[in-house]
Structures are given as C-alpha cells and as structure tokens.
Amino acid sequence: MALISQKGFQLYSSSTPASRSILMTISKKLSFTSGQRKPQNCSSVAMRMLCFKDKAQYMFCRKKYVQLRIQSLSVNETLHLGGDTRSSPNADNKWMDEQLFFRKLNSLCTSKEIFDFLGSLAIMSDTMASGGLQRISEVEVDDSGLKNPEGVLENEIFRALCFQFEFESSKLSNTGLLNALQALVKLHIDPQSTLMANLLLESKERLGKGQLSVENLCALGESLLELEGPSCETLEQIVNHMQETDVEKWSPREMVMMYKMLQVTAKKRERYQDLLNRMNSVTLAMVSQLNPKFTSAILNSLVVLHQTQAVPLVTALCKHSAKHIPYFTGDELVNVLEAFLYFGHREQTFTEVLETHVPESIFTMHPQTVSKVMQYCCRKMILSKPIFDAVAEDFISNADTFSTDQIADYIIPFGTLNYLPPSASSFFRKLESVLHTRFSHFQPHTLLNLLHSCVLIQRYPVNFLPKIFSPYFLQQLQAQPPGLDRIATSQLTQLFLTVTLECPSYEGPRLLPKYRVKAFFMPHSSLDVHLLKRVKTGLLYLLKKRMYFASEVSTPYFYTVDIEIKLDEEGFVLPAAQCEEVHRRIALCVDGQNRFCFNSHNLLGEEAIKQRHLQLLGYEVVQIPFFEIESLQSCRKLADYLHKKIFPHTYRLSC
C-alpha cells in the first residue's frame, strides 16, 4: 500500500497540548527511487550493508552502510501531523483506540502484516507509530540480523514514518520520541544519519530540562548504551536523575535498565553504593516477577558491580534462575553460570534442571554456552554423567568447528573429575585427530592443561609429548603469562612421571631435571586436617605407639603420602623412622570430601592418578574415604575399621 492514498495519512502526538495541535502540513508525497538522490530533497536515513562475494546482502554491521533514500515530490494530497485528535478533521471516523491498536499490533507476526495494518489507518498517534516500529524490530530482528531487509527497508510506510520522525522530532511526545529511538536502534539505523541525530538531540535536550519520566530515562539509557557504549557521558546524567526518584516504584524493566547503566559507571561504584544497596533490597522483593532476560541481566550486573555483600539477592536469583533454564538464550545462560562461579554459589535444583536441559538441547547450543556449562561443572566439582555424556557426543560430531579454547573447555573437566564417557574411544580418537590438525594453533598453557587432563584418566598423548618436552615449547610456556609457575611445572613433572611409570615403550625426550618440581601442587586434593586427626587417633589406639606411623611424608617421587606405615619381611610393623629392613610400605590415603566430586564417591582425577602412581612405585595403597568412617564415633570402632582395612589378613598385630 502506498503511504499517501486518497484519504491521506496523519500522525499526531497524543500528549502534546492543544496549542501544538497542528504540527505540520506537508503538500508533498513520499516517493522512493533507486538512483542518486537529489541532495536538496533527501533525508539521510541509513541502514547497514555487508557484501558477500558478488551478492550484496543487508546485514547488521557497524562498519558499512547503505542509505535508505527518501525523495519528496509534489502531489495533490497532503500529509498531516497533528497533536490532538479533537483538532483533526473527521477525527471521530479516522481514530482507532490505542488499546485496540496495540492489541491488534501485537497479534501480527510479520512486517508485511504490520505495514498493511499501519497503512490501513488514516490517523495515528506518535506513540502508536513508534509502537509499530518497535513491533517491526521485534519480529524482523534476530541474533543474525534483519530477516527480511528489503521487505523492511524498501517499504514505503517504513520510510515515510522515518521521514516524519526525522523532521518532527521536536513535536513528539516523550514516549513517541524515545520508543521510536529504541526501535530504530534495534533496527540498526545509521547513528550518523540526520534521523538519528535529530532524535538523539531532542532526547538529550529534554533530559537536560528534566522533562523525562523514569520510564523515559530508562528507554533513553538503553538506546545510548547500544549506540555509544560505556563511554557515553550522558549515562551518568541519567543515573543522577534516576537517583532522585523513588526506587520502590520502579518496574522490573526499569530496575534492570538502571543496573545496566550503573555497570558502565563501575569505576564510580562507591559513589553509587547507597543507591545499589536500595536497589538490591527492592529487587529482592521482585525476584519472583523476573523473566529469564531480566534474571540474567541482574545477575550479570551484580557480578560486574562486585556486589558480594548482596548475598540474599544473589541466593534468591540463583534459585529463581533454575525455572528459566529452558528459556534462557545462550548468552543469558552464560551470564547466569558466570554469576554462580563468581559468587561461589551452588544450587542443587539448578544443576538438576541443567542436566535435563543440556542433553536435550546439546546439538542446538552454541559451543561457547556448552563451554561455560563445562567450566561450571568443573569448578563446582559436579560430575553430571548426563551432561558429560551429551558433551562427549557433541564433541565427536562438531569438534572441527570449535575454537581451541572451546576444545580445551570440553575436554579438561573429564580429566579433572575423573570420568570416561561411554563413547570414550570415539571421543579421544576425535581429540587426537583435532590435535594432529591444529596442534600449533593452541596456546601453550591451554595445550598443557589439555594434555595433562588426559593422563589423569589414563589417556596418554605419547605422540605429542616430544613437542611438549622440547626446549622450544618450554620457552613458549615461559614467555606466556603466568610462565613456568608452580602449576605448569607440576603438570610437566606429572606428564614426565606418567610416561616413565605407565608408558614404558615411550622413547622420546624427557623433561629436563631443572623443570621438575620437588612436590606436586595438587590444588583440589588438600589434606582434610580434621579427618587426618581422627585417623591418627584410631591408629594410635590400634598400634599403641605414635612411633609406628608417620604423617604427611614426602617421597622422592614428587607425591606426599598422608600416612605411611612400614613393615618388615615377616609383617611386623617397623618404627616410622627406620630405613633398613623395610620390606613393605603402606600408604594410607585419607580422602576427605574435597578429594571427591560433589555429592559423589568418585575420586577427582589428581587424587586418582596419585594413588595409581603410588601403587606403581611399590606402595600398598589403602584408601580411607570420609564416607566410610564418618559414622564411627568411638575410637574402638575406628580402630577395628582401620585394622580390617590395613591388615585384613592379620588377627593380631605385632610391633
């Protein structure tokens, strides 16, 4: 439908006073040509364009633009913009009730339907017109850009609306002005165009005069964040205006927008901390009203703003987020997971929903989202077999498209949490194939972490170890922060010890002694001091004297033994300090909860490899897990347990 029909097309502002009722009358028709514009007649509305090969396609791209040309030609009909329907000719039979308008508008699902609907109206308020633009941005814009660029950009009604908003910005209501600005920002209209420049200038002038409501301030803030980013100086002015209003009356949308604006003033966080405290308190009461988008946005803001003291709000948001897991976008879920990690929160319900959602959606999830899920599981020590099995299948199918960091994020948790999926053979064949193809693409520390995680679960990267132990690679490690720190040298040493003990056929270069540590750094397997004390008490009751066992014993093989007991050839217990006539060494591994996956009896990878290596080094390894002795309250019961565990075939002990 052409914009100007026999009955004309009118736009008015429903909130302007009667003195401004007739804003403009244009005795021209809006016409569009594909040739060059006449400079004196054209508007500079612009959209972005990106060229692929020999075919130009409209895309959202901030680097290049294609101009949407609006040329004016004289016609017999007039285009009216009025401020009050009562002063418009024939208002009664041309006006559509706004509630009815928006109800109809929101039921439309394509830009064609929306344009046909708008074109059928003779009179619209500026609020209705801007609402039409907003609805177009909702149905036509997705993560990949504008779905139907020609259908939107070439549409006469769209261009006509842009023309009117450009030249009548000063006559618009606050709502019409700011809603139009928001919609055009979402449609990625060129911010340098006179259309956008006029709307922005008018918005900032009204801000300076204090004419904008809380809703208006938030709408302007959202547009400025998108257009100008964190460097926008006007955002602080908006925040100062918002600070003077009643926080308790803010809607969830306004609260979210305020958190976002405060994010960009994070360096001045202390200045606004009192405001943040009030916001955190009010937000806590509205958590149940928050949709997935708002929940994710607020959690992200709390992370950026370092609101570690807002424990009740964080806890409530994390708990609330579980119900939204199936509805989060990939980026929203990443924000939520990052908040869980930052605040150190763990929510069982969240994990349960996640391990249902991930297997169902794995092949449609973005690799970066899956990477963050695996980081969450790894750092929280959550071994979810449904998630890990699904991730393994995804890796087998799609690893060739992943970045090197994503590959590492997929693989490392399997080693850390000591788990082999049912598809382990195909899983590691795919990894080997990827490493052969892209070995040089990995950052040195990423590659070391990846290969080290493999040996934790007895998958030996012998084909790649010569490169890892080479002086060139070690120099690369040293040059890249954090350099050859304690973690890196521990991993290198454990790789060296693994091939020595478990890969006797390996004949490649070894790690030079100067790079080996004296004792492994095992961050996840620190000793449970309270549990160790209990076991020592039980051993004292059993062996009668403290001299017959030693605790926290350093070995020549880089490991520290929790408790060591020495026996002679006849099975007699020897004093711990005696070095001669030692026939057997028993290593007691006193495994507290921190050495197991969360809510599981599955040992972590670094503890599993330690016990495996101690056995290969000649120790008799006896595991004393926390869950076997936590119910043994008396020393006698604990001593009986230790007797059966350490000396299962001995009726009486001889020392």
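Author: Before we start, contact here means heavy atoms within 4.5 Å. Also, this is a predicted model.

Reader: Okay, so which residues does Thr489 touch, leaving out residues up to four places away in sequence?

Author: Leu484, Tyr515 and Val517.

Reader: And which helix is Thr489 in?

Author: Thr489 sits in α24, the helix covering residues 486-502.

Reader: Buried or exposed, that Thr489?

Author: Buried, because its relative accessibility is 12% and the cut-off for buried is under 20%.

Reader: What does the Thr489 side chain reach?

Author: The backbone oxygen of Asp485, at 2.9 Å.

Reader: Switching to cysteines. How many disulfides does the structure hold?

Author: Zero.

Reader: Then take Cys218 and Cys454: buried or exposed?

Author: Cys218 counts as buried, with 5% relative accessibility. Cys454 is buried too, at 4%.

Reader: Now the helix pair α17 and α18. What are the crossing angle and the axis distance?

Author: The axes cross at roughly 145 degrees and come within 11 Å. For reference, α17 spans residues 367-379 and α18 spans residues 385-398.

Reader: Left-handed or right-handed crossing?

Author: The α17 and α18 crossing is left-handed.

Reader: Which residues meet there, α17 against α18?

Author: From α17 you have Val370, Val373, Met374 and Cys377. On the α18 side they meet Ile387, Phe388, Val391 and Asp394.

Reader: And how many of those are nonpolar, polar or charged?

Author: By class, the α17 contact with α18 has seven nonpolar residues, one charged and no polar ones. The charged one is Asp394 in α18.

Conventions
Residues numbered from 1 in each chain as written. Predicted model: local features only at pLDDT ≥ 70, side-chain atom pairs only at ≥ 80, totals over all residues. Heavy atoms only, no water. Helix = DSSP H or I, 4+ residues; strand = E, 2+ residues; numbered from the N terminus. Buried < 20%, exposed > 50% of the residue type's maximum accessible area, 1.4 Å probe, protein only. Polar contact = N/O pair within 3.5 Å; in protein donor to acceptor, adjacent residues only side chain to side chain. Disulfide = S-S within 2.5 Å. Axes fitted to C-alpha atoms, helices over the stretch in contact; angles between N-to-C directions. Left-handed = near helix turned anticlockwise from the far one by under 90°.
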